[in-house]
Amino acid sequence: MSTEPMHLINRREAVRRIALIMGTAMVASDVILRGASVGVKDLPAFTDADKALLDEIGETIIPTTDIPGAKATGIGPFMAMFVTDCYNQKEHATFSDGLGKIDAESKRRFGKGFVDATPEQRLVLCNDLDKEQRRFHDSKPKGEQEHYFRMMKELTLMGYFSSEIGCTQAVSYIEVPGAWHGDVPFKKGDKEWY
Amino acid sequence: MSEQNYDAIVVGSGISGGWAAKELTEKGLKVLLLERGENIEHVSGYKNALKAPWEIPHRDHLTQKMREEHPVLIRDYFMHEANVDYWVKDAESPYVEVRPFNWFRGYHVGGRSLMWGRQSYRWNRFDYEANAKEGIAIDWPVRYEDMAPWYDHVETFAGISGSLEGLESLPDGKYTPPMDMTVVEKHVAARIKDHYKGSRHMIIGRSANTTEPRPGRSSCQFRNKCDLGCPFGAYFSTQSSTLPAAVATGNLTLRPWSIVTQVTYDKDRKRATGVEVMDGQTMETTRYTSKIVFLCASTLNTAWVLMNSATDIWPDGLGSSSGELGHNVMDHHFRVGASGEVEGFEDRYVYGRRPNGIYIPRYRNLFGDKRDYLRGFGYQGSGDRKGWNREIAEYGVGAQMKAALLEPGHWQMGIGAFGETLPNHNNKVTLDKNKKDKWGLPVLAMDADIGENEHKMRKDMADDAAEMLEAAGVKNVKKHEDTYAMGQGIHEMGTARMGLDPKTSVLNKHNQVWDAPNVYVTDGACMVSTSCVNPSLTYMAMTARASHHAVESLKRMDI
């Protein structure tokens, strides 16, 4: 299946997914149009330790500032659930292997696992991984699956901004807007629409 | 037995069937409306419509289990977690792909009127004349003037929001007030108008989201969750609009779980006598009789019903005497366009979630323009600010990235084309009696693809998109050229075309099957060509027109 974002130019949900028509979307069509291979998965379930590690990875990607970070939204359990239910075997395996790689790299660099590293150490490591995933993403053949850290970043963004905290404190989700205006003033600090 | 006899039977409860039920019941006929799938009640049946994003477990993404149950539907993105129940389980209702074909179906009361794109455009006069002028396929037996009053009729009831533009390429209709364009859409529209000296236009989409209340319906609340079903009834669907009108007459009987297996036919009277129905849950068979039958089962399923009817007289089914039943399958080809970024306007934004975009009506091969292909295309698209899901090149992860994502990003503008597909006798669907669905019924085999004319057009569809955006000052413009397979536009048309001659068409100019004049086909099956605009409004108008004809004919006792 093609992952070219153009399928998302559309008439059916013209705005809802408008960001996905652009090549620069982070949470891209790769998430929406995840690999089509199906079948029973035989991978071990995510452990509590895995979820705790994912919580810290997510919190490093979106840390607590004046508003809560990803950990407060339960990002670790969310990623574990999403990968278990939505990823195919190959993607799931890549994601799980990535968890081990992050922890091993933390031990190699800092002499301790990721969860025990300082927030500063975690950030340095994750930013290096982010550069690595960007290089991988930019050079990978169309349709190939993503780098594990891109998966984690995508899921953190998606899980965070669609959470209750994300929708009510980070961005503005209004269930029934009641009106549409195509040109209103925007000033720094105004929230974006979910 | 008396309850099994009706004045009219309508097969299918989607956009066309809903209109047939409304028009026929309002004219006093006792109508049986048959739907092959389950009932979905208006409002109470829309179980995810009022859920917040965090209340959808996988945040609207598909699980592996959903993928396994929908191997066809996952070829595109229309199905998502929150509306997965509105789409057919492909595994229960298979079909054969002689050539790749995407068939995205909704088997329930309301059909695809619940999930449709709502873009509602009139055909122009050139659309109805093109086949005759160019010697393609056969002539349409109707012209724009025949259809115009029926467009008026259905637009007025359905509630289409749109602007009056005075364009010959896209006739104006009866609209509720237009939605706003965004500041960037207005900017790009003005630049395009200027650059092309008024020969190309970017206008607000004409959408069946009413912007004025209708009986039992609120105006649009700008939630942009239409494809979950609208609890405000603000967009046109069978449930929000035609079904309540039909029920209000006291003349309607709605029967879900009713798979019509054939139209029953009296060869001596040369008339249909009714339909045979298999209950979708109990598999029991029942016969219903009526004076007239409206086939509105959706294009390809209407062909399927005809192919399974009167086979003792015509082995290839009712309407096959012309040799055209099942042939001339058409769609709109798309997935080609361009997008880019618009500088400035950083102090402007939007309020609300608009369930609509912009439209650029066809300009190719009109008014003196001449290309190396026939017909043309229109564009849909939108201009909006990027959101939290954008890539931010200058930051990695952490607090800076987070702070940047809390504000909307740059403006972007994207447009995608929908092109006309020429009718071609070799594009066909047939019955494959060796393969059966969950109910033991034979399935359709699809054998269709776009041809040379469409491929030439697609080059223009991509090139023009990039050229127009660049002419409008859009930066970093990228062309998109993706693959397309027939059916993906979800605008299936043809298989039982109208015409002036029973030797070359399945239906006459009033949508009556030549071989059974009390059988009307008014869904997409009746189409003789496709235009490049979205077809549903024309099905509505065609159905209302045919309903009027049927009732007048019954009064005259001549069907």
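Which residues of the largest nonpolar core touch the most other members? I opened the notebook with this, keeping in mind that the model is predicted.

**Entry 1: the core**

I found that the largest nonpolar core has 189 residues, and that those touching the most other members are I9(B), V10(B), V11(B), V31(B), V293(B), F294(B) and L295(B). I then looked up which element gives the largest share of this core, and it turned out to be helix α6 of chain A, residues 148-161, with nine residues.

I took V293(B) as one case and listed its contacts, leaving out residues up to four places away in sequence: V293(B) touches I9(B), V11(B), V263(B), A272(B), G274(B), V275(B), N518(B) and V519(B).

I went on to I292(B), which lies in strand β10 of chain B, residues 285-295. I noted that I292(B) has 29 other C-beta atoms within 10 Å, and since 20 or more suffice for the term, I292(B) is buried. With residues up to four places away in sequence again set aside, I292(B) touches A8(B), N518(B), Y520(B), A550(B), L554(B) and I559(B). I also checked a pair that is separated along the chain: I292(B) and V31(B) are 261 residues apart in sequence, while their C-alpha atoms are separated by 9.6 Å.

**Entry 2: helix α7 of chain B**

How many of the nine residues of helix α7 of chain B are buried? I counted nine of the nine for this helix, residues 299-307, so α7(B) is largely enclosed by the rest of the structure. The buried residues I wrote down are T299(B), L300(B), N301(B), T302(B), A303(B), W304(B), V305(B), L306(B) and M307(B). I then asked what covers them, and the elements include β1 (5-11), β8 (258-266), β10, β16, β17 and β20 (516-521) of chain B.

**Entry 3: the sheet with β16 and β17**

Two of those covering strands, β16 and β17 of chain B, led me to an open sheet of three strands in the order β3-β17-β16, where the pairing is mixed. I recorded β3 (96-97) and β16 (428-436) of chain B as the edge strands, each of which pairs on one side only.

For the antiparallel part, I found six bridges between β16(B) and strand β17 of chain B, residues 442-447. I checked two of the partners: V429(B) has M446(B) as its bridge partner in β17(B), and D432(B) stands opposite V443(B). These two strands form a hairpin with five residues between them, and in the turn G440(B) has a positive phi of about 75 degrees.

For the parallel part, I found two bridges joining β3(B) to β17(B), with V96(B) opposite A445(B).

**Entry 4: two helices of chain B**

At what angle do helices α4 and α10 of chain B cross? I read roughly 110 degrees for α4, residues 144-158, and α10, residues 536-555, with the axes coming within 8 Å. Angles of 65 to 115 degrees count as roughly perpendicular, and α4(B) and α10(B) are therefore roughly perpendicular to each other. From α4(B) the contact takes M147(B), W150(B), Y151(B), H153(B), V154(B) and A158(B), and from α10(B) it takes L537(B), M540(B), A541(B), A544(B) and R545(B). I sorted these residues by class and obtained nine nonpolar, one polar and one charged.

**Entry 5: chain A and its contact with chain B**

I noted seven helices and one strand for chain A, and the pattern read along the sequence is α-α-α-α-α-α-α-β. Of the 194 residues in chain A, 47% are buried. Among contacts in chain A between residues at least 6 apart in sequence, 56% join residues at least 24 apart.

I turned last to the contact between the chains, which takes 68 residues from chain A and 66 residues from chain B. On the side of chain B that touches chain A, the elements giving two or more residues are α2 (64-69), α5 (183-195), β11 (333-342), β12 (348-351), β14 (377-385), α8 (399-405), β15 (411-419) and β18 (475-481). The residues of that side divide into 19 nonpolar, 26 polar and 21 charged.

I also looked for strand pairing across the two chains, and found that strand β1 of chain A, residues 181-185, runs antiparallel to β12(B) and is joined to it by three bridges. One of the partners I checked is P185(A), which is bridged to R348(B) in β12(B).

Conventions
Residues are numbered from 1 along each chain as its sequence is written. Chains are lettered from A and ligands numbered from 1 in the order in which they are written. This is a predicted model: local features need pLDDT of at least 70, side-chain atom pairs count only at pLDDT 80 or more; totals for chains, interfaces and linings use all residues. Two residues are in contact if their C-beta atoms, placed from the backbone, lie within 7 Å. Helices (H or I, at least four residues) and strands (E, at least two) are DSSP runs, numbered from the N terminus. Ala, Val, Leu, Ile, Met, Phe, Trp, Tyr, Cys and Pro count as nonpolar, Asp, Glu, Lys and Arg as charged, and the others, Gly among them, as polar. Two strands pair if DSSP finds at least two bridges between them. A nonpolar core is a set of buried Ala, Val, Leu, Ile, Met, Phe, Trp, Tyr and Cys residues joined through C-beta atoms within 7 Å. A residue is buried if 20 or more other C-beta atoms lie within 10 Å of its own, exposed if 12 or fewer, and partly exposed in between; C-beta atoms are placed from the backbone. Axes are lines fitted to C-alpha atoms, for helices over the stretch in contact, and angles run from 0 to 180 degrees between N-to-C directions. Angles under 35 degrees count as roughly parallel, over 145 as roughly antiparallel, 65 to 115 as roughly perpendicular and the rest as oblique.
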